[in-house]
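Student: Could you take a close look at the cysteines for me, and explain how they sit in the chain as a whole?

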Amino acid sequence: MPELAFSLPVYIGFALILSVGAFFRGFAGFGMALVAMPLLILLVPPQSAILALMVVQIVLSSFDMRECMGFADRRAVSVLAIAALFGTPVGLIAIGFAPLYMAQIIIGVIAGVAALVLFFRFSLKSNMGTVSTALVGFFSGLFGGLAAAPGPPVVAYFIARDISPRGKRASMILLFAIMAVFALLTAAARGTLSFDVILLGLFSSPVCYAGSAFGAACFRRGSDDGYRVLALAAMEFSALFSIVLGLFSAFEG
């Protein structure tokens with residue numbers, strides 16, 4: 001048996017930290033990465049943490065898929081996913097022209113402003129046009145390719161939509177599952193998806209499932225306002241973390 005790249009304490013620590021993020025995923029439909037990543041990258045390299053998280057995302061989504069397909073806005077999810085596929089390569093190309101820290105700061109500022117605007121009850125129509133939805137998906141892919149942060153445009157889009165919290169949550173879970181599959185296939189094609197990363201994700205999945213299930217149970221017992229407050233708080237946290245990480249990288253460089 002080949003020697004593993006990570007020790008047992010790292011496996012356990014990774015799983016426990018990610019399970020906290022999985023609670024937010026189960027409750028809000030997003031937030032697993034933005035809550036857990038600041039601590040996960042202290043245990044394993046960032047790329048390994050992101051890919052292992054994608055493995056967990058796919059495993060958890062396999063249990064949620066039936067419910068999500070019933071409540072998600074499947075038309076919007078399809079348009080967003082296809083547009084994100086076109087935006088991701090553009091983001092990867094842009095890396096050569098814009099430093100990562102600059103991208104992190106810009107994305108953080110955009111996400112922070114969007115969260116503040118949404119706090120004051122800005123809303124979009126329940127049925128958005130194909131072009132506007134595709135633009136959101138494109139920027140999601142662009143941000144993902146540029147700084148591994150595809151969430152802010154999509155989260156802002158669904159929080160602002162005049163649809164039920166259950167529809168918002170289901171749509172985001174379904175979309176991020178599709179994007180996780182795309183990310184892993186891309187990593188496999190580029191030769192950056194290792195056995196150790198897959199094992200780390202699979203090892204973490206059971207305890208993350210418990211965290212996600214607990215979050216889902218809280219969601220079903222919560223109110224619409226409670227969902228909105230937690231979603232916006234998670235979005236604002238993501239924005240601040242992105243800005244701080246970008247500033248830290250800029251001064252360190």
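Tutor: What follows deals with the cysteines and then with the chain around them. This is a predicted model, in which local features need pLDDT of at least 70 and side-chain atom pairs count only at pLDDT 80 or more, while totals for chains, interfaces and linings use all residues. Residues are numbered from 1 along each chain as its sequence is written, and side-chain values use heavy atoms, with hydrogens and water left out.

The structure holds zero disulfides, a disulfide being a pair of cysteine sulfur atoms within 2.5 Å. The reason is distance, because the sulfur of cysteine 208 lies 16 Å from the closest cysteine sulfur, that of cysteine 218, which is too far for a bond. Their surroundings can be described as well: cysteine 208 is buried, with a relative accessible area of 0%, whereas cysteine 218 counts as partly exposed at 26% relative accessibility. Here buried means under 20% relative accessible area, exposed means over 50%, and partly exposed is in between, with a 1.4 Å probe and protein chains only.

Turning to the chain, 46% of its 253 residues count as buried, and its secondary structure comes to 10 helices and zero strands. Helices (H or I, at least four residues) and strands (E, at least two) are DSSP runs, numbered from the N terminus. Among contacts between residues at least 6 apart in sequence, 84% join residues at least 24 apart, where contact means heavy atoms within 4.5 Å. The C-alpha atoms fill a box of roughly 55 × 45 × 30 Å, taken along the principal axes.
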